[in-house]
Amino acid sequence: MSQADIHDSHSDSAAATGSAPETPGRPPFWEKGYGDMSVSTMGGPNHDIVELASALPPRARVLDLGCGEGRNAFFLAGRGHRVKAVDISAKGIRKVERLAARAGFEIETEVADLNDFRPTGSWDAILAHGVIDYLENPVWRELVGEIRAHTAPGGWNAYTCMLFTEAYPAPPEFLKAEFKHSIAPFELAGVYGDWEIVRHDRYVKWDQHPGIPIHCHPVDKLTARRPGGDGPAPRIEMVPIGDRVMPRDQFDGIDMGMDAAELLARCGEPAVIDRTTMDGVQLGVGPNTTVDGYHLSLWYYGSSVIYVVNDRVWGRALYNSVPIRVHFDER
Ligand SMILES: C[S@@+](CC[C@H](N)C(=O)[O-])C[C@H]1O[C@@H](n2cnc3c(N)ncnc32)[C@H](O)[C@@H]1O
């Protein structure tokens, strides 16, 4: 599938979700996808969340803040966890509800603004993927304090943040969405100095969402475990990425939607392919709102990493940190 196909597949069918209102005063790019049941706006579950799932107790209590249309909430609910999904977007929450109803999953939902919403009770995991950077610095710092306080001993917090730089500035879509540039490098990790930081990935990733062109995100991904509890111990393994340097023009020439066979023909064998399989119905990528089985492979050419989902390229990244895999062994 070409980039043009991906754009065209986003027909203007916002009416498909019925009467969910626009989020007041905000027309960020994701609202269009959230209002369209025929596309996946953000793709399938994040690989760090899939990895984390094997550390969670059965029927874990999981809070997904800024859940969007629910790719991680949906994946975890499908594994039997008790998930609550929260987002400011009424359209996003409506889509979560409709997708969950179709799949027969239970997901508790709430439309709420994280400027005001604070977790209560005790959670085995609290996720905030791509959202705290839409809050001003004192607000997210206060929210993170509450997230930590309401995480059970041995429980998990997982964040993905965008740290745009002069070299990789925020694309217009992020500025229109009122992105705040409120997190400094290592600032969030610093807040977790007294927890076990299991993942702290830094990379720049290019991908595409329905209705907007390919763009890059400098990503700062943090997974931290609160001390205590008796869950499985994390074991960190460095990915043997090799020392190949992929020429930049070759990296830039890898289009979203490219067939894996074409990727192989153009770029040759990677040093390693890291495969993750999520069985059952999952949110898909681009025009595939849901898919039956989400097979994510990370193809490592040194620090150039290509994301292949169900045999097509759906992202590519340049890693600054050492890529790792996390395994969870019984204590
Ligand atoms: C980049 S999207 C990420 C969505 C989802 N976490 C994912 O990974 O697919 C950012 C999300 O944050 C939500 N958001 C932005 N500001 C928010 C706020 N103040 N309160 C709650 N949600 C917010 C948006 O509505 C949007 O769904």
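Visitor: What makes strand 1 and strand 2 a pair, and in which sense do they run?

Guide: In this predicted model, five bridges link strand 1 (residues 61-65) to strand 2 (residues 82-87), in the parallel sense. Two strands pair if there are at least two bridges between them, so the term applies. At one position, Arg61 stands opposite Arg82 in strand 2.

Visitor: How do you know that strand 9 and strand 10 pair, and what lies between them?

Guide: Strand 9 (residues 272-283) and strand 10 (residues 290-301) are joined by ten bridges and run antiparallel. At least two bridges are needed, so they count as paired. Asp274, for example, has Leu298 in strand 10 as its bridge partner. The two strands form a hairpin with six residues between them. In the turn, Gly286 has a positive phi of about 55°.

Visitor: Which strand does Leu298 find a partner in besides strand 9, and what is the partner?

Guide: Leu298 has the bridge partner Tyr307 in strand 11. Strand 10 and strand 11 (residues 304-309) pair over six bridges in the antiparallel sense. They also form a hairpin, with two residues between them. Gly302 in that turn has a positive phi of about 60°.

Visitor: Why are strand 3 and strand 9 called edges of the sheet?

Guide: Eleven strands form an open sheet in the order 3-2-1-4-5-7-6-12-11-10-9, and the pairing is mixed. Strand 3 (107-111) and strand 9 each have a single partner strand, so one side of each is left without a neighbour in the sheet. From one strand to the next, the twist averages 20°.

Visitor: What makes strand 5 mostly covered?

Guide: Nine of the twelve residues of strand 5 (residues 151-162) are buried. A residue is called buried if 20 or more other C-beta atoms lie within 10 Å of its own.

Visitor: Which strands pair with strand 5, and in what sense?

Guide: Strand 4 (residues 123-129) pairs with strand 5 in the parallel sense over six bridges, and there Ala125 stands opposite Trp156. Strand 7 (residues 212-225) runs antiparallel to strand 5, joined by seven bridges. In that pairing, Thr160 has Lys221 as its bridge partner.

Visitor: Which helix makes a β-α-β unit with strand 4 and strand 5, and what is its hand?

Guide: Helix 6 (residues 137-149) makes that unit together with strand 4 and strand 5, and the unit is right-handed.

Visitor: Why is Glu178 called exposed?

Guide: Glu178 has 11 other C-beta atoms within 10 Å. The cut-off for exposed is 12 or fewer, so Glu178 qualifies. Glu178 sits in the loop between helix 7 (172-176) and helix 8 (187-191). Its phi is near 65°, a positive value in a residue other than glycine.

Visitor: How do you know whether Asp311 is buried or exposed?

Guide: Asp311 has 11 C-beta neighbours inside 10 Å. With a limit of 12 or fewer, Asp311 therefore counts as exposed. Asp311 is found in the loop between strand 11 and strand 12 (312-319), and its phi, near 70°, is positive although the residue is not glycine.

Visitor: How many residues surround the ligand, and of what kinds are they?

Guide: The ligand is surrounded by 17 residues, and the closest are Met42, Gly66, Gly68, Ile88 and Gly130. By kind, the shell has seven nonpolar, seven polar and three charged residues. Met and Ile count as nonpolar and Gly as polar, so the closest residues include both of these kinds.

Notes. Residues numbered from 1 in each chain as written. Predicted model: local features only at pLDDT ≥ 70, side-chain atom pairs only at ≥ 80, totals over all residues. Near = placed C-beta within 6 Å. Helix = DSSP H or I, 4+ residues; strand = E, 2+ residues; numbered from the N terminus. Axes fitted to C-alpha atoms, helices over the stretch in contact; angles between N-to-C directions. Right-handed = clockwise from strand over helix to strand, strands pointing away.
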